[in-house]
Amino acid sequence: MPDSPFQIGGIAVKKREKGRWVGYAFVLPAVIYMLVFIGYPIIYNWVISFQDATAYTLKDAGRAFIGLTNYQTIFADPTFARSIQHTFIYTIGCLIIQFTLGFALAMFFSKKFTLAKPIRGLVVISWMLPVTVTALVFKFMFSQDSGIINTILMNLHIIDEPVGWLLSGGTAMAVLIIANSWVGIPFNMLLLTTGLNNIPLDVYEAASIDGATKKQQFFMITVPLLKPTIMSTLVLGFVLTFKVFDLVYVMTGGGPVDSTEVLSTYSYKLSFQQFQFGQGAAAACVLFVCLFIVALIYLRTISKSEVD
Amino acid sequence: MKKRLVAIMMVMSMTALTLAGCGGGDSASTDDTAAAEEGSEESSADADGKITISFWHYMSTDKEGKFVQEAVDEFNESQDEIYVEAQYLPREELMKQYTIGVVSGELPDVGMVDNPDHNSYAAMGVFEDITDLYEESGDTNFLEGSISSCYYDDKLYGLPWGNNCLGLFYNKQMLDEAGVEVPTTWSELEAACEALTKDGTYGLAISAINNEEGTFQFMPWLLSAGGSVDDLSSAESKEAMSYIKGLVDSGYVSSECVNWTQADAEKQFASGKAAMMINGPWQFSGLAEDAPDLEYAVAQVPKADNGDYASCLGGENIGICTGANVEASWEFISWIMSKDKSAEICKSIGRLSPRSDVDTESLYADEPNWKVFAEIMPNAQSRGPSPSWPELSAAIYNAQQQVITGAKDVDAAMDEAATTIAGLENK
């Protein structure tokens, strides 16, 4: 997936002399769209993160610039540090689970057995459900008094009394990770399946004639040939997970206390519940910077592997 | 070089997803937003020469909302100059739309707001100053406690729409079976809970969620103990918090209350999983629907053993939004808040009229549960008014959550909340 823009770029280079302006004309609507609907909000967000934007000043045209005060305020707030920590725990936890299981499922469904396709289709349903629905379902399932998880575990005598899954920080975070992985696994599976299908079968044939074991085939052929797909899956997964909002907001609202507060919910609360728009924007900018760094690392690895 | 350009573009677009995500909020509400945007078009005269007024409220369409719509329809038919278009948005979404609307200019003509938040939105510039219109109208019969939440900087930014307050709902059958009298004090409540808590049934359901509802529900305990929002580190305030903590620790109240909204508490009570609950009159219609056979009654929230009954005033206000057609909007809100209309609507949506000239006693003569709320109301204390109420409230519900979940002890949590609140007031 990620290499396609580069291929298009390559073709464009060859044909540059002929249709340079036509080419630019084709991308122009997209560029304008991005500048207006993506570029402007980002810049606006950066601007108010340096301004004294609160309930009192929101409407004023010339809000005072207050330098880094908003950033100082949020960095001094222990909840902010915790929400960064939570965001990383959540993201890395989700990535590990959804990538490993997604990869395993992708390998499994690439075997051409009967019903492979319909079952794969069914697995994807969890990804297509609105996140709010998923969040509510998991909230009910993990409820202390009437949740099905507690009922099952009690009947299996694994636990003696109902566990308040969403009532203490550690377990609440674990439940969030499980819920998100349920959505993320099919997403990872889909991307990796596409990659797997692009690996020509004769490579495997040649390898098995040379006496390579299945394990060797996996690590020497599948993984290296799949590397661009793996990279883009991980980065896309990271971006999508890191900016989580709806799932956390619906399931725990960042609670109990602030034990599942992530950057996006922290920013939302500052802006839309406490009307500290400047500070909310500052938190969103921190989120932006984190993702920007990840995206840069990704591009660096991609362009390196292209040179190879 | 070319590649680098493409690369930078990609990075930009990928990271942009994050901000789009922040702004988008929950995907479930997209439809509402789209609908809201349609409704927000500037009030304009249509083909018939009627002026169209948009009215945003958060009375959910399946319950209170239909009565709101009926009233709006009646207004539309009563005259042929103004056409009101009522639009439901979930509360959180509506609040977000106001904030966005201040910057983008896309506000409705008339909007509803939760009364403790009214000050903040008035300060933000969401609502028009209607002091003159109100004073000239000659109809100023509103309860002091209710209309005071519409004032900011001595100017009036709206009218009270409906009032509510909290009481103790109890399941008659369960209390009879356990041989328990209706508790009136904290110790009686504890004793009652002890007798009523059984396998699968909790004595009491409350909401201690981390939003305004959690604060609202904590207020009766706080006020009855003699504590106050301005002095959360006092012994009285701490006593109230310790009491709640005790109820949860003894297993009388489910520890899940930290994730329960008041609507969730109602579900517990309706399904018999709680013998009593703290809730308000807006739950009457829900209870009638969820548990038509449930026999319940209402009493005052039990008072501290050496304190008085206390309750917290809740409710909504409506205001005319900035940039709206003020005359036409005033026409509508003064009609819907007139004596007879207010009494009628409030009764059907489970509110008490905020008007001082509505005779609640005769209106609710045949409804004992309503009468209890009508008796509680005059003493119910309002929250704020203060433009920093949202932050103040966050300090309170956070403390409550910390204490109930055991993250902090009562002293530490309340002292911290008191410090936060003192910091807000010095700003």
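1. Strand β11 of chain B is covered on both faces. On one side B:Gly314, B:Glu316, B:Ile318 and B:Ile320 are buried, and on the other B:Gly315, B:Asn317 and B:Gly319 are buried as well. The strand runs over residues 314-320, and 7 of its 7 residues count as buried. In a regular strand the side chains alternate between the two faces of the sheet. The model is a predicted one, which applies to every point below.

2. β11(B) has a partner strand on either side in the sheet order, β3 and β6 of chain B. With β3(B) the pairing is antiparallel and extends over 5 bridges. Within that pairing, B:Met112 has B:Ile318 of β11(B) as its bridge partner. With β6(B) the pairing is again antiparallel, over 5 bridges. Here B:Asn163 stands opposite B:Gly315 of β11(B). Two of the buried residues of β11(B), B:Ile318 and B:Gly315, are thus named on both counts.

3. The sheet as a whole is open and has 5 strands, in the order β2-β1-β3-β11-β6 of chain B, with mixed pairing. Its edges are β2 (82-88) and β6 (159-164) of chain B, each of which pairs on one side only. From one strand to the next the twist averages 20°. Strands of a sheet pair through backbone hydrogen bonds, either parallel or antiparallel.

4. Which sense does the pairing of β1 and β3 of chain B take? Strand β1 (residues 51-57) and strand β3 (residues 110-114) of chain B are parallel, and they pair over 2 bridges. B:Val110 of β3(B) is the bridge partner of B:Phe55. β3(B) therefore takes part in a parallel pairing with β1(B) and an antiparallel one with β11(B), in a sheet whose pairing is mixed by the DSSP bridges.

5. For chain B overall, the secondary structure comes to 19 helices and 11 strands. The chain has 427 residues, and 52% of them are buried. Of the contacts in chain B with a separation of 6 or more, 76% are between residues 24 or more positions apart.

6. Chain A carries an annotation from an unreviewed UniProt entry: "transmembrane region" is given for residues 21-43, 88-109, 121-142, 162-183, 218-242 and 277-299. Two of these stretches can be set against the model. Residues 21-43 of chain A are 100% helix and 0% strand, with end C-alpha atoms 28 Å apart. Residues 88-109 of chain A are also 100% helix and 0% strand, and their end C-alpha atoms are 31 Å apart.

7. Is A:Thr91, in helix α4 (residues 78-110) of chain A, buried or exposed? A:Thr91 counts as buried because it has 23 C-beta neighbours inside 10 Å, where the cut-off is 20 or more. Apart from neighbours within four places in sequence, A:Thr91 is in contact with A:Phe238, A:Thr241 and A:Phe242. A:Thr241 is 150 residues away along the chain, yet its C-alpha atom is separated from that of A:Thr91 by 5.5 Å.

8. A helix pair in chain A completes the note. Helix α6 (residues 131-141) and helix α8 (residues 169-197) of chain A pack at about 135°, with their axes 10 Å apart. That angle makes α6(A) oblique to α8(A). Their contact involves A:Val131, A:Thr134, A:Ala135 and A:Phe138 from α6(A), and A:Val175, A:Ala179, A:Trp182 and A:Val183 from α8(A). The crossing of α6(A) and α8(A) is right-handed.

Notes
Residues numbered from 1 in each chain as written. Chains lettered and ligands numbered in written order. Predicted model: local features only at pLDDT ≥ 70, side-chain atom pairs only at ≥ 80, totals over all residues. UniProt positions renumbered as here; feature names shortened; annotations may be inferred. Helix = DSSP H or I, 4+ residues; strand = E, 2+ residues; numbered from the N terminus. Axes fitted to C-alpha atoms, helices over the stretch in contact; angles between N-to-C directions. Buried ≥ 20, exposed ≤ 12 C-beta atoms within 10 Å, placed from the backbone. Contact = placed C-beta atoms within 7 Å. Parallel < 35°, antiparallel > 145°, perpendicular 65-115°, else oblique. Left-handed = near helix turned anticlockwise from the far one by under 90°.
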